[in-house]
Amino acid sequence: MKLRWGVRARVMLAAILPMLVLAVVLTVSYTSSRLADFHNELEARGKAVARQLAAASEFPVFSGNHRSLQQLAGGAMAEEDVAGLRIVDRSGRTLASAGILDPLLMPPDGPLAPAPWVERRGATLRIVEPIRPRPLDLDADPTAFTVAAGTQASAPPLGSVVLDFSLDRLYARRTELLWQSASIGLLVLLGSLVLASHLSKGVSRPIRRVADIVLEIGAGEMHRRVEPLGGGSLQRLAEGVNEMARRLADAREDMAREIEQATAELRTRKNEAERANLAKSRFLAAASHDLRQPMHALGLFIAELQQYQLPQPTRGLVRQIAASADAMEKLLDSLLDISRLDAGVLRPTLRVFALRPMLTRIVAAHEPAAAERGLRLGLRASEVWVRSDPLLLERIVSNLISNALRYTREGGVLLACRRQGDGLVRIEVRDSGTGIPLERQEVIFQEFVQLDNAERSRDKGLGLGLAIVKRLAELLDHRLTLRSAPGRGSVFAIALPRTEPLDAGEAAPEPRPPGDLGGVRIAVVDDDPLVCAGTASLLASWGCEVEAAASSAALFERIANADWRPALVISDLRLQGPLDGLDVVRELRERLAEPTLPAVLITGDTGADMLALTRDSGIPVLHKPVRPARLRALINRQLEYAAGEDDDA
Ligand SMILES: Nc1ncnc2c1ncn2[C@@H]1O[C@H](COP(=O)(O)OP(=O)(O)OP(=O)(O)O)[C@@H](O)[C@H]1O
Ligand SMILES: [Mg+2]
């Protein structure tokens, strides 16, 4: 395992370890040399005592003077450290003894030692000293009995002195010495610990300080700096850290300045873009409003004109004028749809309804176009009920059918609907047309994308149809899919939630043949006399009984005076005077005590405020220029709903 030591611990270890080793070595060598000295000294003293005793015992042993020997033994016991002694003769017999001899050492009554010897066991040092006769100098003085110095080494010993010397003092000394050395060692250790700690602090404190400052700088306190750390590497470290912090702070300031500049620039650009977008929306709204008014009147007049018996050349001309006006209306419609969908002001009104009647109507509406192109247009629809916004769904399917017809040269187009397993209904538009390559199947849903109109001929549309379809499908939360291959036709499909059929009352056959407006009473309010007259004469040409008024007041007056109740009211949304179209409808419903009186609002306004206002009212709005066919379809539908509600009631 690798130890993870800090600077301080390392410095401490480096300082203490040699001291510790030195202390141990010194203590051991000092103690052992002192003990050896003491031991030698003790042994020398023991030997000296034994030698003296042996010398003094020579004559009493020789003369057999036991008492004197015993006295000598007793006297020797007074010597320090003597534990016991015995004087034995040549045959090993004890002549005198004192103290206690160690019984475990070689017995003193064994064979006589020819030379002095020393043996040690435990705390006892045994010294055996032979007693040797000394030569007599008989010549010197016959009266003085002097003994010559020295012993006769060659003469056999007379006996020996066995002396047990106690080493207890030596051991006591050793313990004392050990304690002393241990204390000194401990003191040295403590001293070196204090010193090392002091030293390590000197090294680790500045490093820790630098580390703390680096952490603070890392946490964003760019103004922090390391104060001078003395000198050498530590000072270089401090300077390096300070320099790094300065550069970091500079870099951060630069970056912040750049971000601020970029943000300001972006904000300006965004504001500019928003202003431009707003200006564009305003321009679009204003332009479409101004365009719608004359287009609307034009449409109405053309429709009326077509109902007269005209000479052949004029008929052709009127047809061409109608076609041109129709194309222009379609373009205006598409632009308006896109801008309304983008502005998010269109809200779906979900209802439960039977799908087949709607699909039948769509097919019927496209039959003329199919016939014109020599294509078959078929319908295969099962009896299913769905939940969706019928108007918006109809726009989706119509768009897909007109595309299918437009991009198919031969063969046909089939509109089909069938149940899916997961509670959904799938509406499919199949064609045998040109098909769409896989890599283009996504882009065709973008605005103004057309695969086959490089010259951007307006006769071939704008490239907005599928963009509108996609936005509508998203708005309704219906999944839109496409399967296609070049030369093998296309299948556009939309999946929507299936529901249980409503009760029979709701599905009852309509009392009035659909599309027949003969005798239907309609009130029209429009302050533009041209539009008012145009609408009135168009409605009249469909067989309606029309009451047209240029203001709300005029309409209320006529209703009050005559015994005439409208079945439906059509009003321009923006009227001169205090009331707008919505107010007129509400007031009329109140005066006639008919809160569900069918109504249609017509407007050239595309402003979000106006759209939001009408959306909440639940009254359908047609945008100018209103195509006669669309107006007729809407009148029919409103009357159908009203009839349905009456039946329910
Ligand atoms: N059923 C189809 N078969 C083959 N190509 C198709 C089909 N439907 C659409 N496309 C291709 O996708 C393009 C975009 O279609 P979209 O409906 O958006 O515009 P458009 O039909 O050209 O014009 P607009 O619908 O605005 O009158 C078309 O121009 C056509 O190239
Ligand atoms: Mg199209």
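1. Start with strands 6 and 8. Strand 6 (residues 351-354) and strand 8 (residues 385-388) run antiparallel, with four bridges joining them. If you want a place to look on screen, find A354, which sits opposite W385 of strand 8. Bear in mind as you go that this is a predicted model.

2. Strand 8 has another partner too. Strand 8 pairs with strand 12 in the antiparallel sense, over two bridges. Here V386 stands opposite R498 of strand 12. Strand 12 (490-499) is worth remembering, as it turns up again at the ligand: it is one of the elements that give two or more residues to the shell around ligand 1.

3. On to the ligand itself. How many residues surround ligand 1? The count is 20, and the closest are N403, Y407, Q450, L464 and L466. By type, the shell splits into 10 nonpolar residues, seven polar ones and three charged ones.

4. Now the polar contacts of ligand 1. The side chain of Y407 has an N or O atom 2.7 Å from an oxygen atom of the ligand. Two backbone atoms also come in: an N or O atom of L451 lies 3.1 Å from a ligand oxygen, and a polar backbone atom of G465 is 3.1 Å from an oxygen atom of ligand 1. As for cover, ligand 1 on its own has 590 Å² of accessible area, and the protein covers 94% of that. Along with strand 12, the elements giving two or more residues to the shell are helix 7 (390-406) and helix 8 (465-476). Which element gives the most? That would be helix 7, with three residues.

5. Strand 5 deserves its own look. Is strand 5 (residues 159-166) enclosed or open? Eight of its eight residues are buried, so the strand is largely enclosed by the rest of the structure. In a regular strand, side chains alternate between the two faces of the sheet. In strand 5, G159, V161, L163 and F165 point one way, while S160, V162, D164 and S166 point the other way, and all are buried. Notice that the second set includes D164 and the serines S160 and S166.

6. Who are the neighbours of strand 5? Strand 1 (residues 82-89) runs antiparallel to strand 5 and is joined to it by seven bridges. Strand 4 (residues 124-131) also pairs with strand 5 in the antiparallel sense, over eight bridges. To check the register by eye, use L85, whose bridge partner in strand 5 is L163, and T124, which stands opposite S166.

7. A threonine to look at: T535. This residue lies in helix 9 (residues 529-541). Is T535 buried or exposed? Its relative accessibility is 3%, so T535 counts as buried, the cut-off for that being under 20%. Setting aside residues up to four places away in sequence, T535 touches H296, L300 and V524.

8. Next, P628, in helix 13 (residues 628-648). With a relative accessible area of 16%, P628 is buried. Which residues does P628 touch, not counting those up to four places away in sequence? They are G299, A303, L538 and W542. P628 and F301 are 327 residues apart along the chain, yet their C-alpha atoms are separated by 9.9 Å. There is a link back to the previous point here, as L538 falls within helix 9 (residues 529-541).

9. One more proline, P206, belongs to helix 3 (residues 168-218). P206 also counts as buried, at 12% relative accessibility. Leaving out neighbours within four places in sequence, its contacts are K201, L229 and L234. P206 and V226 are 20 residues apart along the chain, and 9.2 Å separates their C-alpha atoms.

10. Finally, the overall numbers. The protein has 13 helices and 17 strands. Of its 649 residues, 38% are buried. Among contacts between residues at least 6 apart in sequence, 68% join residues at least 24 apart. The exposed area comes to about 36600 Å², with carbon and sulfur atoms supplying 57% of it.

Notes:
Residues are numbered from 1 along each chain as its sequence is written. Chains are lettered from A and ligands numbered from 1 in the order in which they are written. This is a predicted model: local features need pLDDT of at least 70, side-chain atom pairs count only at pLDDT 80 or more; totals for chains, interfaces and linings use all residues. Side-chain values use heavy atoms; hydrogens and water are left out. Buried means under 20% relative accessible area, exposed over 50%, partly exposed in between (1.4 Å probe, protein chains only). Contact means heavy atoms within 4.5 Å. A residue is near a molecule or strand if one of its heavy atoms lies within 4 Å of it. A polar contact is a pair of N or O atoms within 3.5 Å; within protein, one must be able to donate a hydrogen and the other to accept it, and residues adjacent in sequence count only if both atoms are side-chain atoms. Accessible areas come from the Shrake-Rupley method with a 1.4 Å probe; for residues, only the protein chains shown count as cover. Ala, Val, Leu, Ile, Met, Phe, Trp, Tyr, Cys and Pro count as nonpolar, Asp, Glu, Lys and Arg as charged, and the others, Gly among them, as polar. Two strands pair if DSSP finds at least two bridges between them.
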